[in-house]
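Trainee: Could you take me on a close look at one part of this structure? I would like to see how it sits among its surroundings.

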Amino acid sequence: MSKLKHYETMFILKPTLTEEETKAQIELVKANIEKNGGEIVSCDDMGSRQLAYEIERNKRGYYFVIYFKSPADAILELERNYRINEQILRFIFIKYESKKEVTAWTKMSDEAAKKAN
Amino acid sequence: MAEKRKYGKKYCKYTEMKVDFIDYKNTELLKLSMSERGKIMPRRLTGNSKNAQEMVEKAIKRARHMALVPYIVNTQAVTDPAHIK
């Protein structure tokens, strides 16, 4: 098994979804990460907020951040899944590699875990 | 001879605050290096250290992609009175 690396992903869901639908979408993404050999460390629910500019005529969006560890080759598959999903407006994957970045990652994920509790 | 400087010496705000990693989600930090219109300010104007400038550039570009920070602020749309629209 390849080595796990530190990642962070953020995505924006459409504002037109109901509360249950957004929850279902978040669970779907989480399940996808776990299915591809990743382990979720913590999540940060930023909630619905104003976009800095319109995306596909939407002025608001539901932001969600997941900090996770995963093998490097799984990211391509996760990205493919994001692209298929029509409820996701935007997404980003960030890899934290150097020592300094990894410490920043652990700090941020700890804060997110604290906020969730 | 060159005129005496009007303002105090420029210094890197990020070094002063002891920030060692600039996160793209923290828009308050990013705004220190952005103009009113949302442009990334050059190092010669802000006095940022090279290290901090590189980090902030990357972070702003990521934040723009995720619509946390605008690419450009259209001041005309802000200043136009409502009856024109």
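**Strand β1 of chain A and the interface**

Mentor: Happily! Let us begin at a single pairing: A:Leu4 stands opposite A:Pro71 in β3(A). Before going on, note that this is a predicted model, in which local features need pLDDT of at least 70 and side-chain atom pairs count only at pLDDT 80 or more, while totals for chains, interfaces and linings use all residues. Residues are numbered from 1 along each chain as its sequence is written, chains are lettered from A and ligands numbered from 1 in the order in which they are written, and side-chain values use heavy atoms, with hydrogens and water left out.

Strands here are DSSP runs of E of at least two residues, and helices are runs of H or I of at least four, numbered from the N terminus. Two strands pair if DSSP finds at least two bridges between them. β1(A) is antiparallel to β3 (residues 58–71) of chain A, with ten bridges. With β4 (residues 88–96) of chain A, β1(A) pairs in the antiparallel sense over eight bridges; there A:Ile12 has A:Arg90 as its bridge partner. Eight of the ten residues of β1(A), which spans residues 4–13, are buried, so the strand is largely enclosed by the rest of the structure. Buried means under 20% relative accessible area, exposed over 50%, and partly exposed in between (1.4 Å probe, protein chains only).

Now follow the strand to chain B. A:Glu8 forms a salt bridge with B:Lys25 through their side chains (2.7 Å, N to O); the term asks for a side-chain nitrogen of Lys or Arg within 4 Å of a carboxyl oxygen of Asp or Glu. Across the interface of chain A and chain B the rule finds one salt bridge. The elements giving two or more residues to the side of chain A that touches chain B are β1, β2 (39–55), β3, β4 and α3 (99–116) of chain A. Of these, β2(A) gives the most, with seven residues.

Taking contact as heavy atoms within 4.5 Å, 23 residues of chain A touch 16 residues of chain B. The two chains bury about 1600 Å² between them, 66% of it on carbon and sulfur atoms; this is the accessible area (1.4 Å probe) that two parts lose on being put together, summed over both. In chain A, the residues that lose the most area to chain B are A:Ala52, A:Tyr53 and A:Lys100, together 29% of what that side buries.
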